Amino acid sequence: MNPQRGETAIEIDGETRKLCLTLGALAEIERGLGCMSLKDLTIRLKSVSAHDLIILLAALLRGGGEADLAGRVRELAIEPQTVLKAILSCFGKATE
């Protein structure tokens, strides 16, 4: 992982996978959560649902080059706490 690029590791099915908050991932997240601006997104992210976590995880996996896995996010056996921790880490690294 390259923390300088905002990359975060997440373990899925026993493998380390990469999440990255790229501009494309950010746009996908805005669209997926129905936000028109970064300000709207900031407000929207204060209270997320399980559906929101799926949108966020898929977009960040695609940003990290894990497009095949991103397409199967709904099928993954992964704890919501693990997903939330990785998402928060990814956003945190992108704003450092």
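The following exercises, each with a worked solution, concern a predicted model.

**Exercise 1. The salt bridge between strands**

Task: Determine which side chain meets that of Glu7 in a salt bridge, and state where the two residues lie.

Solution.
Step 1. The side chain of Glu7 meets that of Lys18, with an N to O distance of 3.7 Å.
Step 2. The pair links distant parts of the chain, since Glu7 belongs to strand S1 (residues 7-12) and Lys18 to strand S2 (residues 15-20), 11 residues apart.
Step 3. For the burial classes, the cut-off for buried is under 20% relative accessible area. Glu7 has a relative accessible area of 5% and is therefore buried. Lys18, at 25% relative accessibility, counts as partly exposed.

**Exercise 2. Further salt bridges**

Task: State how many salt bridges the structure holds, and describe those of Arg17 with Glu15 and of Asp52 with Arg44.

Solution.
Step 1. The structure holds five salt bridges.
Step 2. One of them joins the side chains of Arg17 and Glu15, at 3.6 Å from N to O. Arg17 is buried, its relative accessible area being 17%, whereas Glu15 is partly exposed at 43% relative accessibility.
Step 3. Glu15 and Arg17 are linked with Glu66 in a network of salt bridges.
Step 4. Asp52 forms a salt bridge with Arg44, and their closest N and O atoms are 2.8 Å apart. Asp52 is buried, with a relative accessible area of 3%; Arg44 counts as partly exposed at 29% relative accessibility.

**Exercise 3. The largest pocket**

Task: Give the volume of the largest pocket, identify the residues that line it, and find which helix gives the most to the lining.

Solution.
Step 1. The space in the largest pocket amounts to about 190 Å³.
Step 2. Its lining consists of Ala50, Leu53, Ile54, Leu57, Val73, Arg74, Leu76, Ile78, Glu79, Pro80 and Val83.
Step 3. Sorted by class, this lining has nine nonpolar residues, two charged residues and no polar residue.
Step 4. Helix H3 (50-63) and helix H5 each supply at least two of the lining residues. The most comes from H3, which gives four residues.
Step 5. One lining residue, Val83, also appears in a contact across the sequence: Ile10 and Val83 are 73 residues apart in sequence, and their C-alpha atoms are 7.8 Å apart in space. Ile10 lies in strand S1 and counts as buried at 4% relative accessibility.

**Exercise 4. Backbone torsions with positive phi**

Task: Locate Asp13 and state what is notable about its phi angle; then give the phi of Gly34.

Solution.
Step 1. Asp13 is found in the loop between S1 and S2.
Step 2. Most residues other than glycine have a negative phi. Asp13 is not a glycine, yet its phi is positive, at about 55°.
Step 3. Asp13 counts as exposed because its relative accessibility is 56%.
Step 4. Gly34 takes a positive phi of about 70° just after H1. The buried residues of helix H1 (residues 23-32) are Ala25, Leu26, Glu28, Ile29 and Glu30.

**Exercise 5. A nonpolar surface patch**

Task: Name the residues that make the nonpolar surface patch of about 240 Å², and decide whether Leu88 is buried or exposed.

Solution.
Step 1. The patch is made by Val48, Leu84 and Leu88.
Step 2. Leu88 is placed in helix H5 (residues 80-94).
Step 3. The cut-off for exposed is over 50% relative accessible area. Leu88, at 56% relative accessibility, is therefore exposed.

**Exercise 6. Sequence separation and spatial distance**

Task: For the pairs Lys46 and Ala67 and Cys35 and Thr16, give the separation in sequence and in space, and place Lys46 and Cys35 in the chain.

Solution.
Step 1. Lys46 lies in the loop between helix H2 (38-44) and H3, and is exposed with a relative accessible area of 69%.
Step 2. Lys46 and Ala67 stand 21 residues apart in sequence and 26 Å apart in space, C-alpha to C-alpha.
Step 3. Cys35 lies in the loop between H1 and H2 and counts as buried, at 9% relative accessibility.
Step 4. Cys35 and Thr16 are separated by 19 residues in sequence and by 30 Å in space, C-alpha to C-alpha.

Notes:
Residues are numbered from 1 along each chain as its sequence is written. This is a predicted model: local features need pLDDT of at least 70, side-chain atom pairs count only at pLDDT 80 or more; totals for chains, interfaces and linings use all residues. Side-chain values use heavy atoms; hydrogens and water are left out. Patches are made of residues with over 30% relative accessible area and no salt bridge: like charges are joined within 9 Å, nonpolar side chains (Val, Leu, Ile, Met, Phe, Trp, Tyr) within 5 Å. Accessible areas come from the Shrake-Rupley method with a 1.4 Å probe; for residues, only the protein chains shown count as cover. A salt bridge is a side-chain nitrogen of Lys or Arg within 4 Å of a carboxyl oxygen of Asp or Glu. Buried means under 20% relative accessible area, exposed over 50%, partly exposed in between (1.4 Å probe, protein chains only). On a 1 Å grid over the protein atoms alone, a cavity is a set of points where a 1.4 Å probe fits but cannot get out, and a pocket is an open set with protein on both sides within 12 Å along at least five of seven lines; lining residues have an atom within 4 Å of a point. Grid points are joined across faces, edges and corners, and a volume is the space filled by probe spheres set on the points. Ala, Val, Leu, Ile, Met, Phe, Trp, Tyr, Cys and Pro count as nonpolar, Asp, Glu, Lys and Arg as charged, and the others, Gly among them, as polar.
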